[in-house]
Amino acid sequence: MQVGTNHLGGNVVWIVGPDLSRHYYAHLEDYAARIQAGDWVEAGEVIGYVGNTGNAENTPPHLHYGIYMQGQGAINPYPYLVPDS
């Protein structure tokens, strides 16, 4: 896991998932207690809190979430968020 800030996303977290997918969480108001670079996280674990940092400072608080696949770039995360039918 990587934790930090950047101009666009503000407070961000990157988590490496299956097949070296990279999961991006941006515009966080703050990070969860004790979250730091290199941590191992489990599904359902709180990593941060919704906010409007970075280039979202004039928007309502929200989460910018993206999945980036190695060699493909950004992909649509929706199929990964919908429960199996």
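In the predicted model, histidine 27 is located in strand S3. The backbone of histidine 27 adopts a positive phi of about 70°, although the residue is not a glycine. With a relative accessibility of 5%, histidine 27 counts as buried, since burial requires a value under 20%.

A positive phi in a residue other than glycine also occurs at aspartate 19, where the angle is near 55°. Aspartate 19 belongs to the loop that runs between strand S2, residues 10-16, and strand S3, residues 22-28. The relative accessible area of aspartate 19 is 70%, and the residue is therefore classed as exposed, the threshold being over 50%. Thus one positive phi value falls on a buried strand residue, histidine 27, and another on an exposed loop residue, aspartate 19.

Aromatic contacts were examined next. A pair of aromatic rings is described by the distance of the centres and the angle of the planes. The count comes to 4 aromatic pairs in the model. One of these joins tryptophan 14 and tyrosine 68, whose ring centres are 5.5 Å apart and whose planes meet at 55°, so the pair is tilted. Because tryptophan 14 lies in strand S2 and tyrosine 68 in strand S6, residues 64-69, this contact ties together parts that are 54 residues apart in sequence.

Tyrosine 68 also forms an aromatic pair with tyrosine 24. Here the centre-to-centre distance is 6.3 Å and the angle between the planes is 85°, an edge-to-face arrangement. Tyrosine 24 is situated in strand S3 and tyrosine 68 in strand S6, so the pair links parts separated by 44 residues in sequence. As regards solvent accessibility, tyrosine 24 is buried, with a relative accessible area of 10%, whereas tyrosine 68 is partly exposed at 29%. The latter value lies between the limits of 20% and 50%, so tyrosine 68 falls into neither the buried nor the exposed class.

Taken together, Trp14, Tyr24 and Tyr68 constitute one aromatic cluster. Tyrosine 68 takes part in both of the pairs described above, with tryptophan 14 and with tyrosine 24. The ring of tryptophan 14 has a further partner in arginine 22, whose charged end sits over this ring at 4.2 Å from its centre.

Conventions:
Residues numbered from 1 in each chain as written. Predicted model: local features only at pLDDT ≥ 70, side-chain atom pairs only at ≥ 80, totals over all residues. Heavy atoms only, no water. Helix = DSSP H or I, 4+ residues; strand = E, 2+ residues; numbered from the N terminus. Buried < 20%, exposed > 50% of the residue type's maximum accessible area, 1.4 Å probe, protein only. Phe/Tyr/Trp six-rings, centres within 6.5 Å; stacked < 30°, edge-to-face > 60°. Lys NZ or Arg CZ within 6 Å of the ring centre and 35° of its normal.
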